[in-house]
Number of protein chains: 2
Amino acid sequence: MARKVSRRGGNIVTIHDVARHVGVSPMTVSRVINGEKNVREETRAKVLASVEALNYSPNLAARSLATQDSARIGLLYSNPSVAFLSEFLVGILSESSQSGAQLLIESCEGPEGATAALEKMKANGCDGVILSPPLSDSSRVAKVLRDMDLPFVGVAMARPDPQVCCVTIDDFKAAFSMTKRLIELGHQRIGFIKGHPNAYASQTRFEGFEAAMQKAGITVDPALVAQGYFTYRSGFDAAERMLNCKDRPTAIFASNDDMAAGAVATVHRMGLDVPDHVTIVGFDDTAMASSVWPELTTVRQPIADMAALSVRLMNDQIRAKRLGKPFEPVREIRDFALIERQSSAPVGTA
Amino acid sequence: MARKVSRRGGNIVTIHDVARHVGVSPMTVSRVINGEKNVREETRAKVLASVEALNYSPNLAARSLATQDSARIGLLYSNPSVAFLSEFLVGILSESSQSGAQLLIESCEGPEGATAALEKMKANGCDGVILSPPLSDSSRVAKVLRDMDLPFVGVAMARPDPQVCCVTIDDFKAAFSMTKRLIELGHQRIGFIKGHPNAYASQTRFEGFEAAMQKAGITVDPALVAQGYFTYRSGFDAAERMLNCKDRPTAIFASNDDMAAGAVATVHRMGLDVPDHVTIVGFDDTAMASSVWPELTTVRQPIADMAALSVRLMNDQIRAKRLGKPFEPVREIRDFALIERQSSAPVGTA
DNA sequence: CTGAAAGCGCTTACAG
DNA sequence: CTGAAAGCGCTTACAG
């Protein structure tokens, strides 16, 4: 490893070392590393070989200083599930450290508290804001942001707004698919636990459920639809009510994993088994889903990836604004996935 | 806000703007910001006022480029609890983005798989490695690291090794305190669920439990000590065995939150209540503890803080090594805290 | 106690 | 297709 001694005695392979090794200018090495086209194929190959040989990898701090990419990004959240939030944060943090963005993190209690938090961010030189659900769906928050002339990106939005840049999955389709799968497993009496009323995703997921039921010609029994609040406890209570029906459901679809885990606990408490007596499925595939037993069948929403992508979109938007270029709001729809674990089974397994 | 237009059209307040505003050199501003002593009090005050007025905040990328602090830090983990890991990551990521460190993250299956992962890191120019438990306690991993001449920091180590730089809590004392608290609540028949045998913390926590019991003059019934594996399922099973004893425990102390949550599920399944019939307490205070119902009384281990501190220690160590200065291994013991939630109560509440 | 110079590693903008 | 120059915002090392 050819390493040079830096001003302070460290050993770091730089772009200059690679350049010298190959016999080109640092500029050419930079071009190869950044995948630019205007490099002769032969030169590119030599540079790449050298990068490999010297074990070069770029200094992110230097890059972001040079590119001026170092935006100051605000992240505003309002207590979603802890499991959701931490996965969200991991995505945000890792991408922003990659791109050299600085982070300003604030929480607030619902859309009403958002204004104060946003003003604080703005005062701290914030260039743009990333919104986690349910804030991302709040038109009130969106208005405040527009008035402040701050660009923003919404993550996991459930209500389409062509004006807003966002990263989501198709909640309707995801809920539809999961419901369809339950029906394929022979379930007919399927209970549904809704999410918090302040989140649009709650409504959209319920609509997906309804649509799949209707398509299969199954009537949704109102007694099997319960209001939840995305908490374990609310799932626990909702499931209890449903399971005390005379004609109890053979499957319960909860709008997130926390509630599904609560529903599993209720089933167990009643001396029944999951999935033998009741199938339980969740939504999100957070840490909760694979931490409980039986592990939850759920809809995987790639939260960390979505969060990371939102940082990239935010960077693009900030850069465009700085350059005075127009920025067309992007609506990125990521794929969801049905993850089948042990909490679901064909009907009548017991 | 006095903002200058940068090369690419952005508006950023820099150290120069502050300097001009105050009428001093950028150097002086830098000194004030970094809290150096050699600045006249009057000058310092003026600079600080200006920093406030212009809303200046330093560009981290520029700083880390200039200080050469940008170490490349490897993070090696071997599947601990997902909840534990995500809190750990949040701490690591936020501190490393603060300090401008680059991260190389690898996982492995136990100490045996560590060598390959570490070689990969080393090949990628890694300057030092942070170890999460149970890897942090592995003398085998420590030896590999020493042979590679890579500095490392262990997080949440349970076995004191004066040679190794680490950040921990006092697991013994923490387990002792929690047990003492249970005894104060009147519990005598207390069950204990051990953690995974490959983690030293499991042993240490058990010793703390034993010591507190002994000090209170209570004999530990071997039937009330079960082997767990830090998973929900293992807590579930262990609790089931204990609760089927003729003389069942009135309280169960699980060595982590996942197992405690599993134990709660078992109690419920048997038609009993938490905490009315059985008190259940956990350890760590991960997201799991406040996600289930009833929420868990537990020992708070400040995982994110500890992880963040480990990054700082790693940076110090790498800098010392680069400068050829000796670095005395530091052993940082953080405070734990007893968090009382709804899963515990005085004995005989029902 | 304060400042002018040089440099951190990379990229943009311009020339050829 | 390639390179020389200048600059990103900050700090170290040296003078005074």
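Which helices of chain A and chain B each supply at least two residues of the surface near DNA strand C? In this predicted model, they are helix H2 (26-33) and helix H4 (60-67) of chain A together with helix H2 (26-33) and helix H4 (60-67) of chain B. The legends below take up each DNA strand, the two copies, the domains and one helix.

**View 1. The protein surface near DNA strand C is supplied by both protein chains.** There are 29 residues around DNA strand C, and A:Ile15, A:Tyr56, B:Thr28, B:Arg31 and B:Thr43 come nearest. H4(A) gives the largest share of this surface, 4 residues. By residue class, the surface near DNA strand C consists of 12 nonpolar, 10 polar and 7 charged residues. Sugar or phosphate accounts for 69% of the atoms of DNA strand C within 4 Å of the protein, and bases account for the rest.

**View 2. Phosphate oxygens of DNA strand C lie opposite polar atoms of A:Ile15, A:Asn34 and B:Ser25.** For A:Ile15, one of the nearest residues to this strand, the atom concerned is a backbone N or O, 2.5 Å from a phosphate oxygen. A:Asn34 places a polar side-chain atom 3.0 Å from a phosphate oxygen of DNA strand C. At B:Ser25 the distance is also given from the backbone: a polar backbone atom is 3.0 Å from a phosphate oxygen of the strand.

**View 3. The protein surface near DNA strand D draws on H2 and H4 of chain A and on H2 and H4 of chain B.** Each of these helices supplies at least two residues, and the largest share, 4 residues, comes from H4(B). Of the 29 residues around DNA strand D, those that come nearest are A:Arg31, A:Thr43, B:Ile15, B:Ser30 and B:Tyr56. The surface residues divide into 12 nonpolar, 10 polar and 7 charged. Of the DNA strand D atoms within 4 Å of the protein, 70% are sugar or phosphate atoms and the rest belong to bases.

**View 4. Polar atoms of A:Ser25, B:Tyr56 and B:Ala62 face DNA strand D.** The side chain of B:Tyr56 has a polar atom 2.4 Å from a phosphate oxygen of the strand. A polar backbone atom of A:Ser25 is 3.0 Å from a phosphate oxygen of DNA strand D. At B:Ala62 the partner is a base nitrogen of DNA strand D, 3.3 Å from a polar backbone atom of the residue.

**View 5. Chain A is shown laid on chain B.** A turn of 180° with a shift of 0.0 Å along the axis brings chain A onto chain B with an RMSD of 0.1 Å. The two copies are therefore related as by a two-fold rotation axis. Both copies use the same surface, and 100% of the contact residues of chain A recur in chain B.

**View 6. Chain A is divided into three domains, 4-58, 70-170 + 303-335 and 171-300.** Domain 2 of chain A is made of two segments, 70-170 and 303-335. Between the C-alpha centres of domain 1 of chain A and domain 3 of chain A the separation is 54 Å.

**View 7. Helix H1 of chain B runs over residues 15-22.** Its buried residues are B:Asp17, B:Val18, B:Ala19 and B:Val22. The N-terminal end of H1(B) is capped by B:Thr14, with a side-chain oxygen 3.1 Å from the backbone nitrogen of B:His16. Just after H1(B), B:Gly23 has a positive phi of about 90°.

Methods
Residues are numbered from 1 along each chain as its sequence is written. Chains are lettered from A and ligands numbered from 1 in the order in which they are written. This is a predicted model: local features need pLDDT of at least 70, side-chain atom pairs count only at pLDDT 80 or more; totals for chains, interfaces and linings use all residues. Side-chain values use heavy atoms; hydrogens and water are left out. A residue is near a molecule or strand if one of its heavy atoms lies within 4 Å of it. A polar contact is a pair of N or O atoms within 3.5 Å; within protein, one must be able to donate a hydrogen and the other to accept it, and residues adjacent in sequence count only if both atoms are side-chain atoms. Ala, Val, Leu, Ile, Met, Phe, Trp, Tyr, Cys and Pro count as nonpolar, Asp, Glu, Lys and Arg as charged, and the others, Gly among them, as polar. Copies are superposed by least squares on the C-alpha atoms of residues with pLDDT of at least 70 in both. Contact means heavy atoms within 4.5 Å. Domain bounds come from an automatic or database domain assignment. Buried means under 20% relative accessible area, exposed over 50%, partly exposed in between (1.4 Å probe, protein chains only).
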